[in-house]
Amino acid sequence: MAELNYQSGFGNQFETEAESGVLPLGQNSPQKVKGGLYTEQITGTAFTAPRSSMRRSWVYRIRPSVQHLTNLQPIDPGLIRTGADREGSPTATQLRWDPFPSILSDSNWLTGLTTVATNGNSELQTGGAVHHFAATQSMGDTAFVNTDGELMLVPYMGRLLLQTEMGHLEISPGHIAVIPRGIKFSVDLLDEMARGYVCENYGAAFSLPEHGLVGVDANALPRDFEYPVARYDDDHQPTKLVAKISGALFANDLKHSPFDVVAWHGNLAPYRYELRRFCALGPVIFDHPDPSIWTLLSSPSDTPGTANLDFILFREHWRVAENTFRPPWFHSNVMSELMALIEGVYDAKAEGFVPGGISIHNSFIPHGPDSDAFKSATEADLTPTKGPDSLAVMWESRYRWVPTSWAMALSELQDDYPERWSELKSGWR
Ligand SMILES: [Fe+2]
C-alpha cells in the first residue's frame, strides 16, 4: 500500500482535508459547507474543561453520525467485559500467564478480543481494562466504536492498518496507537495474523506526564506522536457497525460507510507512537530512581500524582550504577501493576514472561526479581552493560486489577508463579 502521511505533535490543533478547499476557513460552522458536507463537532472533554486539557474536533462529513448510530440491536459481547468483573477470582497472590490463546480459529480484531482484567467503573469514568486480541482476518466492512473508554492498541505480532474516521494509521510491533472514545474505526491485517494487547481507559484521556525537575526534553517527545490526515470511503460501501455502550455490544447494518469525514480540524484524533523513540532516563552513579521516570503517557485521576492509569515503558538502556542491585528491587506498592511483554526479555524475570503473556501484581502484593535474577544480579560484575533490547510495558493503576473469570480459568495461568520466589534463601549470617 502507499505510504501514509501523518501530522505530528501531541495534542496539536491540526487541520486536514482530503479534498482541497473543503475545510471552512475562519469559522467552524458556515451556513453551507462546500460539497454539501455536514458539520459535526466531536468532544473528548466537557465544554468547560480547562483549556490545557480540552480536546475536541470539528469534522465535515458526507452524513452526520446520527445516521450511523441508529437502530442498534444488542449482540453477544463474547468475552469482552467492562468494569470490575465480580465473577472473577480475588487476586491474593502474584499472577502470571503464558501467551493468551485464540478463542476462535478464524477471528478478526474485534471477534478475537478477550478481556484479561478490569478495574474501576466505566460509568464513573474511573479505571480501565486490559484485553488481548488474536486475529487472522481483517475486519473488512465492520466498524467499531467504543463509547466506554479510549483504546490503546499494542501489537506484539503482525502489522495493522487502522481505518478511522479521521484517517488511516499503520502500526506494527514496537508501535502503539490510541483511539479516543467515540471515534469509529476498523482494523485490517497487513500480515497473515496479528496479536496484541489493548488497554481501555475509562478515565481522563492519556496525556504526556508532568516532568517537574526533568524538564522538557526526555522520555516521549510531543513531536513523535503522529496523527492521520483526512481520508474518506466511497459513500455507498455497506458496513456493519458495532458499538460498545456501557459494557453492552450493539450492531446495525449501514448502507453506507461511516468513514465519510472529508476534512477535519481540532485536537481530538487517534494517534500512533513508535516506542523506540522513547528517550529513557536512568541512574548515573548509584541506586534507582523510581520507575515513574519511564512513564510514557498518563491518565490522571482527581488526586494529583495518583494516576487513574499510567502507561510505562521498559526498554533497552545502559546500566552503569555502581555498587547497586541493578534490576528492579523487591517492592510492595500502593499502585496496582499489570505488565505485558512486546519483544525480548524483561530483566527482572529470567524466564516465564514472554510476548503474549501478562503478569498482575496488585496493591500490596509483594514481588520483585525471581530467584535466578536475584542471584545473577547480586553476583554480576558491575561494568557498564547494555540491553537486552526488549520492550515491556506496564499499565499501573490506583485501582486493583480484577482478572476475568475467563482469564483465571485458562491453563495458561501459571499456577507455580509464586514459587519463583521460594528459592530465595536467607543470607543472614
Ligand atoms: Fe512491580
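This passage walks through strand pairing and nonpolar packing in a predicted model.

A convenient place to begin is the open sheet. Four strands build it, in the order β2-β19-β4-β3, and their pairing is antiparallel. The edges are taken by β2 (14-17) and β3 (38-43), each of which pairs on one side only. From one strand to the next, the twist averages 20 degrees. At the β3 edge, the neighbouring strand is β4 (residues 56-61), and six bridges join the two in an antiparallel run. For readers who like to follow the register residue by residue, I42 has S57 of β4 as its bridge partner.

Attention now turns to a pair of strands further along the chain. Strand β11 (residues 160-164) pairs with β12 in the antiparallel sense, over five bridges. The two strands form a hairpin, with two residues between them. Within this pairing, Q163 is found opposite H168 of β12. Strand β12 itself spans residues 167-171, and four of its five residues are buried, so this strand is largely enclosed by the rest of the structure.

A second hairpin is formed by β21 and β22, this time with six residues between the strands. One of its residues, G305, adopts a positive phi near 80 degrees. The two strands run antiparallel and are joined by five bridges; across them, L297 faces F311 of β22. Strand β21 (residues 295-300) is mostly covered, with six of its six residues buried.

The partner strand, β22, leads directly to the packing of the interior. In soluble globular proteins, nonpolar side chains tend to be buried together. Here, the largest nonpolar core holds 89 residues, and the members that touch the most others are A117, M152, F311, L338 and V393. Strand β22 (residues 307-315) gives the most to this core, contributing six residues. F311 thus appears twice in this account: opposite L297 in the strand pairing, and among the residues with the most contacts to other core members.

Another of these well-connected residues, A117, is worth a closer look. Which residues does A117 touch, once those up to four places away in sequence are set aside? The contacts of A117 include A129 and V130, together with L338 and I360. A further group of its partners comprises W401, V402, P403, T404 and A407. One of these contacts, L338, is itself listed with A117 among the core residues that touch the most other members.

Notes. Residues numbered from 1 in each chain as written. Predicted model: local features only at pLDDT ≥ 70, side-chain atom pairs only at ≥ 80, totals over all residues. Buried ≥ 20, exposed ≤ 12 C-beta atoms within 10 Å, placed from the backbone. Pairing = 2+ DSSP bridges. Axes fitted to C-alpha atoms, helices over the stretch in contact; angles between N-to-C directions. Core = buried A, V, L, I, M, F, W, Y, C linked by C-beta atoms within 7 Å. Contact = placed C-beta atoms within 7 Å.
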